[in-house]
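Welcome to this tour! Please open your viewer, switch to a cartoon view and keep the selection box handy.

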Amino acid sequence: MKDQSITLDLNRATQANVELDMAAGEMKVRGGTGKLVDAHVEYNVAEWQPQVTDSNSGGVANVVIKQPGHVHASGRDTRNTWDLVLDRKSTRLNSSHITIS
C-alpha cells in the first residue's frame with residue numbers, strides 16, 4: 001500500500017479552480033482547510049499514483065489532480081482512496097466523474 005500526502009498552499013490566490021479526475025476508487029471531498037488542497041491518498045496499484053499540476057496567476061490558482069492511464073486491476077484486493085479537504089472560500093470544483101451533495 002502506498003500512502004501519499006498532497007498539500008498545496010493558497011499562495012495569495014483569492015480564487016481557485018480544482019479539477020479532480022479519478023476513474024476508479026473512492027473519493028471523499030469536503031471543505032474546511034486553510035490550504036488550497038490538503039489531501040491523503042492510498043493506492044496499491046503503482047500506476048494509480050495521482051498526478052498533480054498547479055499554477056497560480058493573477059490571484060487565480062488552477063489545480064488538476066488526476067489518476068493517470070487506464071484503470072485495470074486484476075484481482076479483488078485493489079485499493080484507491082482519495083480524502084481531499086479544500087479551501088471552502090475560494091475553490092470552484094470541476095469534475096466529470098463525481099457528484100458532490
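## Contacts across the chain

Start with the whole protein on screen: residues 24 or more positions apart account for 82% of its contacts with a separation of 6 or more. Keep in mind that this is a predicted model. Now colour by secondary structure, and you will find 0 helices and 8 strands. Following the chain from the N terminus, the elements run β-β-β-β-β-β-β-β.

Next, turn on the surface. The accessible surface comes to about 6,400 Å², and 41% of that belongs to carbon and sulfur atoms. Of the 101 residues in the protein, 34% are buried.

## Stop one: the sheet with β4

Hide the surface and look for an open sheet of 4 strands in the order β1-β4-β7-β3, with mixed pairing. Select residues 2–8 for β1 and 26–31 for β3; these are the edge strands, each pairing on one side only. From one strand to the next, the twist averages 10°.

Now select residues 37–43, which form strand β4. Is β4 enclosed or open? Count the buried residues: 5 of its 7 are buried, so β4 is largely enclosed by the rest of the structure.

Which strands pair with β4 here? One of them is β1, in the antiparallel sense over 7 bridges. To see one bridge up close, select Asp3 and its partner in β4, Glu42. Strand β7 (residues 80–86) also pairs with β4 in the antiparallel sense, over 7 bridges. Two residue pairs to click on are Ala39 with Leu84 in β7, and Val41 with Trp82 in β7.

## Stop two: the sheet with β2

Turn the model until you find another open sheet of 4 strands, with the order β5-β6-β2-β8 and mixed pairing. Its edge strands are β5 (51–57) and β8 (91–94), and each pairs on one side only. Here the twist averages 15° from one strand to the next.

Select residues 15–21 for β2 and 60–66 for β6: these strands pair in the parallel sense over 7 bridges. Show Asp21 as sticks, and you will see it opposite Lys66 in β6.

## Stop three: the salt bridges

How many salt bridges does a search of the whole structure find? There are 3, so show side chains and visit each in turn.

Begin with Asp9 and Lys35, whose closest N and O atoms are 2.9 Å apart. This pair links distant parts of the chain, 26 residues apart: Asp9 is in the loop between β1 and β2, and Lys35 is in the loop between β3 and β4. Asp9 counts as partly exposed, at 41% relative accessibility. Lys35 is partly exposed too, with a relative accessible area of 31%.

Move on to Asp83 and Arg30, which form a salt bridge with the closest N and O atoms 2.4 Å apart. Asp83 lies in strand β7 and Arg30 in strand β3, so the pair ties together parts that are 53 residues apart in sequence. The relative accessible area is 26% for Asp83, which is partly exposed, and 39% for Arg30, also partly exposed.

Finish with Glu42 and Arg79, whose side chains meet in a salt bridge at 3.0 Å, N to O. Glu42 is in strand β4 and Arg79 in the loop between β6 and β7, 37 residues apart. Is Glu42 buried or exposed? Its relative accessible area is 19%, and buried means under 20%, so Glu42 is buried. Arg79 is partly exposed, at 37%.

Note on methods: Residues are numbered from 1 along each chain as its sequence is written. This is a predicted model: local features need pLDDT of at least 70, side-chain atom pairs count only at pLDDT 80 or more; totals for chains, interfaces and linings use all residues. Side-chain values use heavy atoms; hydrogens and water are left out. Two strands pair if DSSP finds at least two bridges between them. Axes are lines fitted to C-alpha atoms, for helices over the stretch in contact, and angles run from 0 to 180 degrees between N-to-C directions. Buried means under 20% relative accessible area, exposed over 50%, partly exposed in between (1.4 Å probe, protein chains only). Contact means heavy atoms within 4.5 Å. Accessible areas come from the Shrake-Rupley method with a 1.4 Å probe; for residues, only the protein chains shown count as cover. A salt bridge is a side-chain nitrogen of Lys or Arg within 4 Å of a carboxyl oxygen of Asp or Glu.
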